[in-house]
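Here is my note on the packing of helices and sheets, set out as numbered points to be read beside the coordinates.

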Amino acid sequence: MEKVYLDNAATTQVRENVIAKMQDALSNFYGNPSSTHSFGRSARTAIESARKTVAKYMNAQPSEIIFTSGGTEADNMILRSAVRDLGVETIITTKIEHHAVLHTVDDLRKDFGIKVEFVALDEFGNPKLSHLGQLLEKDGSKKLVSLMHVNNEIGNRLDIAKVCRLCQEYQALFHSDTVQSIGHYAWDVKECPVDFMTAAAHKFHGPKGVGFAYIRKNSKLKPLILGGSQERGFRAGTESFHNIVGLEAALIAAYDNLKEEIAYVSGLKKHFIDSLQKEIPTATFNGHSGDMDKSTYTLVNVRLPIDPQKALMLHFHLDIKGIACSKGSACQSGSDAGSHVLNEILSEEDLKKPSLRFSFSKYNTRKELDYVVDVLKEFVQ
């Protein structure tokens with residue numbers, strides 16, 4: 001049986017050089033980074049080297065990088081601290097953000113009484129920036145805008161430069177969940193002055209359980225986790241040293257090979273789209289995921305012309321055939337509520353048809369994609 005992994009938006013295969021770096025860290029750098037003896041100093045030096053590496057690729061300052069357990073913690077940290085410490089009274093977001101943002105914002109609304117405004121979406125799931133402008137000038141409250149750069153389910157890419165300009169014009173803070181784009185797109189936080197960003201290493205062939213928050217200098221945020229002076233006093237707790245080393249190695253590999261891997265993975269996506277359109281012409285793509293120019297090169301979200309009763313077996317059928325993909329984002333697997341993203345942008349009739357997210361990486365091949373299309377075609381027929 002073929003084994004084809006096309007769920008890279010959920011998590012990615014760890015690069016071999018990353019595994020080697022982490023094994024070396026576990027074997028030879030076991031000192032506590034907060035200890036002052038040589039064992040601790042060696043670990044501390046490696047962590048600060050990783051911080052400088054991340055900052056270099058973001059064109060940020062090392063002090064603006066805080067290592068976390070991943071994107072979810074980083075989103076929580078930024079949003080909660082902004083309300084508590086910066087006097088944010090209104091958060092402007094959309095209903096198709098990752099739940100790490102939506103659930104946190106809803107909790108802040110209940111606990112702190114903040115106002116939550118949702119930017120209207122167009123038919124493809126893009127935030128209407130004209131409406132964002134209206135919300136920003138609506139009143140004199142302190143505002144924070146939280147919009148993801150790449151949607152994790154439909155792959156739409158936000159015009160983040162325009163949002164930056166709007167936020168600057170109205171003196172609003174801007175947080176972007178960039179978990180699906182760091183390691184896949186080049187960044188320059190001086191050119192595009194986002195206030196806060198988040199990343200997770202396992203989205204760019206690094207280990208799970210580690211990520212980072214970019215927090216612009218002099219933001220005046222205070223820590224949420226107390227108990228030690230780690231991470232420059234911003235996040236207490238002994239650092240996950242081997243994971244941080246793995247994140248650094250994965251980020252270096254991602255950006256050193258960025259052009260080549262964008263070209264390769266983009267080719268896979270185009271081939272998949274072309275093959276689906278040829279073999280299953282009644283299949284349609286959700287959001288802009290079928291448009292190479294308006295969506296990320298790493299995923300497609302396809303809606304298949306299958307009877308609702310038969311659709312119940314589709315995901316199970318693919319799994320039996322050795323194909324890994326996603327009915328929605330991995331963070332909601334096991335839920336019967338369906339995709340909150342698709343629920344916002346599709347009609348009731350379209351929601352009756354099954355949608356699948358296929359996401360690609362450097363480890364996939366065209367041969368694998370042809371096999372997947374054949375399995376889908378057979379099932380549809």
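1. In this predicted model, helix H4 (residues 99-112) lies across four strands, namely strand E3 (90-93), E4, strand E5 (143-146) and E6. The direction of H4 makes an angle of about 155° with that of E3.

2. The strands under H4 belong to an open sheet of seven strands, whose order is E2-E8-E7-E6-E5-E3-E4 and whose pairing is mixed. Strand E2 (65-68) and strand E4 (115-118) are the edge strands, each of them pairing on one side only. With direction ignored, neighbouring strands of this sheet are turned against each other by 20° on average. Within the sheet, strand E6 (residues 173-177) and strand E7 (residues 196-200) run parallel and are joined by three bridges; Ser-176 has Met-197 of E7 as its bridge partner.

3. Helix H2 also packs on this sheet, lying across E2, E7 and strand E8 (211-215), and it runs at about 120° to E2. H2 has a further contact, with helix H7: the two axes come within 9 Å and cross at roughly 30°, and since angles under 35 degrees count as roughly parallel, H2 is roughly parallel to H7. In this crossing H2 passes H7 in the left-handed sense. On the H2 side the contact is made by Ala-43, Ala-46, Ile-47, Ser-49, Ala-50, Thr-53, Val-54, Tyr-57 and Met-58, and on the H7 side by Phe-241, Ile-244, Leu-247, Glu-248, Leu-251, Ile-252, Tyr-255 and Asp-256. By class, the residues of the contact of H2 with H7 divide into 13 nonpolar, two polar and two charged.

4. How do the axes of helix H1 (residues 16-28) and helix H7 (residues 241-256) cross, and within what distance do they come? They come within 8 Å and cross at roughly 150°, which makes H1 roughly antiparallel to H7, given that angles over 145 degrees are counted in that way. H1 passes H7 in a right-handed crossing. The residues that make the contact are Asn-17, Val-18, Lys-21, Met-22, Ala-25 and Leu-26 of H1, together with Phe-241, His-242, Asn-243, Val-245, Gly-246, Ala-249 and Ala-250 of H7. The contact of H1 with H7 has eight nonpolar, four polar and one charged residues. Phe-241 is listed both in this contact and in the contact of H2 with H7.

5. Phe-241 also takes part in an aromatic pair, and a search of the whole structure finds six such pairs. The rings of Phe-29 and Phe-241 have their centres 5.9 Å apart, and because their planes stand at 40°, the pair is tilted. Phe-29 lies in the loop between H1 and helix H2 (38-58), whereas Phe-241 lies in helix H7, so the pair ties together parts that are 212 residues apart in sequence.

6. Another open sheet has three strands in the order E9-E10-E12, with antiparallel pairing. Its edge strands are strand E9 (284-285) and strand E12 (355-359), each pairing on one side only. E9 pairs with strand E10 (residues 299-303) in the antiparallel sense over two bridges, and the bridge partner of Thr-284 in E10 is Arg-303. Helix H8 (residues 258-279) packs on this sheet, where it touches E9, E10 and E12, and the direction of H8 makes about 15° with that of E10.

7. H8 packs on helix H13 (residues 366-380) as well, at an angle of about 25° and with the axes 10 Å apart; H8 and H13 are therefore roughly parallel to each other. H8 passes H13 in a right-handed crossing. Gly-267, Leu-268, His-271, Phe-272, Ser-275, Leu-276 and Glu-279 in H8 meet Arg-366, Leu-369, Asp-370, Val-372, Val-373, Leu-376 and Lys-377 in H13. By class, the contact of H8 with H13 has seven nonpolar, three polar and four charged residues.

How values were computed:
Residues are numbered from 1 along each chain as its sequence is written. This is a predicted model: local features need pLDDT of at least 70, side-chain atom pairs count only at pLDDT 80 or more; totals for chains, interfaces and linings use all residues. Side-chain values use heavy atoms; hydrogens and water are left out. Axes are lines fitted to C-alpha atoms, for helices over the stretch in contact, and angles run from 0 to 180 degrees between N-to-C directions. Angles under 35 degrees count as roughly parallel, over 145 as roughly antiparallel, 65 to 115 as roughly perpendicular and the rest as oblique. A crossing is left-handed if the near helix is turned anticlockwise from the far one by less than a right angle, and right-handed if clockwise. Contact means heavy atoms within 4.5 Å. Ala, Val, Leu, Ile, Met, Phe, Trp, Tyr, Cys and Pro count as nonpolar, Asp, Glu, Lys and Arg as charged, and the others, Gly among them, as polar. Two strands pair if DSSP finds at least two bridges between them. Rings of Phe, Tyr and Trp (its six-membered ring) pair if their centres lie within 6.5 Å; planes under 30 degrees apart count as stacked, over 60 as edge-to-face and the rest as tilted.
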